[in-house]
Amino acid sequence: MKIWIYRAILLAAILVVWQLLAGRVISLFFISSPLLIAAKFWSILVDGTLATNMAVTTGEAVLGFVLGGAAGAAIGLVLGRSRQLAEILDPFIVAFYSLPKVALAPMFILWFGIGLQMRVMFTAIIVLFLVFLSTYTGVRNVSRELVTVFRLMGANERHLMRMVIIPSAFTWIFAGLRLSVPYALIGAIVAEILAGNTGLGYLVEHAAAEFDTAGVFAALAGVMILALALNLAVRLLERWFMPWRTVEETCAGSRPHSR
C-alpha cells in the first residue's frame, strides 16, 4: 500500500510541475498542459472516439501478440532442442532480426494491403522474434541432469517436451511475452500511422497533422492505459499457468529480513 502512495505523490508532483511550466516557461504548442490534455481526453472519451479507436488497436495488438507469441514459442522450442538446425539457421535469424522492423512496413503494405491483416502480421513479426529468443534461451538452459534422468526412465522426446522442457521454459516464455507487450502495441500503432484510418496510432497522427498537441498527448494517454491493461492480462495469465510462482513470491515477501 505504501508503494502506491509514493507513486501517487510522484505522479502528482510531475503533473503540478508540468502545469506550472506549461504556457509560462515552455510554450503550450510544445507540451500543452495537464488540464488541457485532461479536457481533450474527456472529450474523446465521452463522444466515443477513444473507445472506438482503442478497440481497433486492442484487436490488432492482441491478434498479433497471440500469433507472434505462439509462433515464436514453437520455433524456440524446436530450435532449442535441435542444436544442428539452430546452427544452420543462426546467420539467417540474426540477419533478419537485425533489420529495423519499421523498414519492413512498406513491404507488408505491398503484401497484405492497408487493412487489418497488414497491421496484425506486422505486429506478429515483431513479437515473434522477442518470444523466440526468450524461449530458445529457456530451452537451452533446461537442466541436462533432469533430461538425463528422464531419458534413463525411458522418456522419449515427446515425453521430455511435455514433462520437462515446456514446464522448465515457461518462465522464459512468459518473460518474452511480458517484454513483447509494448512492442506489440508499437507494431500496431506504427502500422496505423503508416497505413490506417482508425486506431490510436491514427488518432496520434491525425492530431499531430492538425498541430493539436493536447490531442496527441490524449491519444498517447490512451496508449499507456492500453499497455498497462495488456501487461496486467499477461501477468494474470502467467499466474494461471504457473501458480507456483505466486506461492514463491508470497513466501519470499513474508520471509523476515536478516539483519
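Helix α7 makes a handy starting point in this predicted model. Its 25 residues should span 36 Å at 1.5 Å a residue, and the end C-alpha atoms do turn out to be 36 Å apart, so the expected and computed spans agree. As for its surroundings, 18 of the 25 residues of α7 are buried, so this helix is largely enclosed by the rest of the structure.

One residue of α7 takes part in a salt bridge. Arg119, in helix α7, pairs with Glu60, in helix α4, and the N to O distance between the two side chains is 2.6 Å. The partners sit 59 residues apart, which makes this a link between distant parts of the chain. Both Glu60 and Arg119 are buried.

A search of the whole structure turns up two salt bridges. Besides the pair just described, there is one between Asp212 and Lys40, whose closest N and O atoms lie 3.4 Å apart. Here too distant parts of the chain are linked: Lys40 belongs to helix α3, Asp212 to the loop between α10 and α11, and 172 residues separate them. Lys40 has a relative accessible area of 29%, so it counts as partly exposed.

Next comes the nonpolar interior. The largest nonpolar core has 40 residues, and those touching the most other members are Phe65, Leu160, Val164, Ile165, Leu177 and Leu200. Two or more residues each come from α4 (49-81), α7 (116-140), α8 (144-152), α9 (157-195), α10 (200-209) and α11 (213-241). Helix α9 supplies the largest share, with 14 residues. Phe65 gives a feel for the packing: leaving aside residues up to four places away in sequence, Phe65 touches Thr123, Val127, Leu177, Ser180, Val181, Ala184 and Val234. There is also a second, separate core of 11 residues, with Phe108, Met118, Leu128 and Val190 among them.

Buried positions turn up in loops as well. Ser32 lies in the loop between α2 (28-31) and α3 (34-46). With a relative accessible area of just 2%, Ser32 falls under the 20% cut-off, so it counts as buried. Its contacts, again not counting residues up to four places away in sequence, are Trp18, Ala22, Ser27, Ile37, Thr213, Ala214 and Phe217.

Definitions and conventions
Residues are numbered from 1 along each chain as its sequence is written. This is a predicted model: local features need pLDDT of at least 70, side-chain atom pairs count only at pLDDT 80 or more; totals for chains, interfaces and linings use all residues. Side-chain values use heavy atoms; hydrogens and water are left out. A nonpolar core is a set of buried Ala, Val, Leu, Ile, Met, Phe, Trp, Tyr and Cys residues joined through side-chain atoms within 4.5 Å. Buried means under 20% relative accessible area, exposed over 50%, partly exposed in between (1.4 Å probe, protein chains only). Helices (H or I, at least four residues) and strands (E, at least two) are DSSP runs, numbered from the N terminus. Contact means heavy atoms within 4.5 Å. A salt bridge is a side-chain nitrogen of Lys or Arg within 4 Å of a carboxyl oxygen of Asp or Glu. The expected span of a helix is 1.5 Å times one less than its number of residues.
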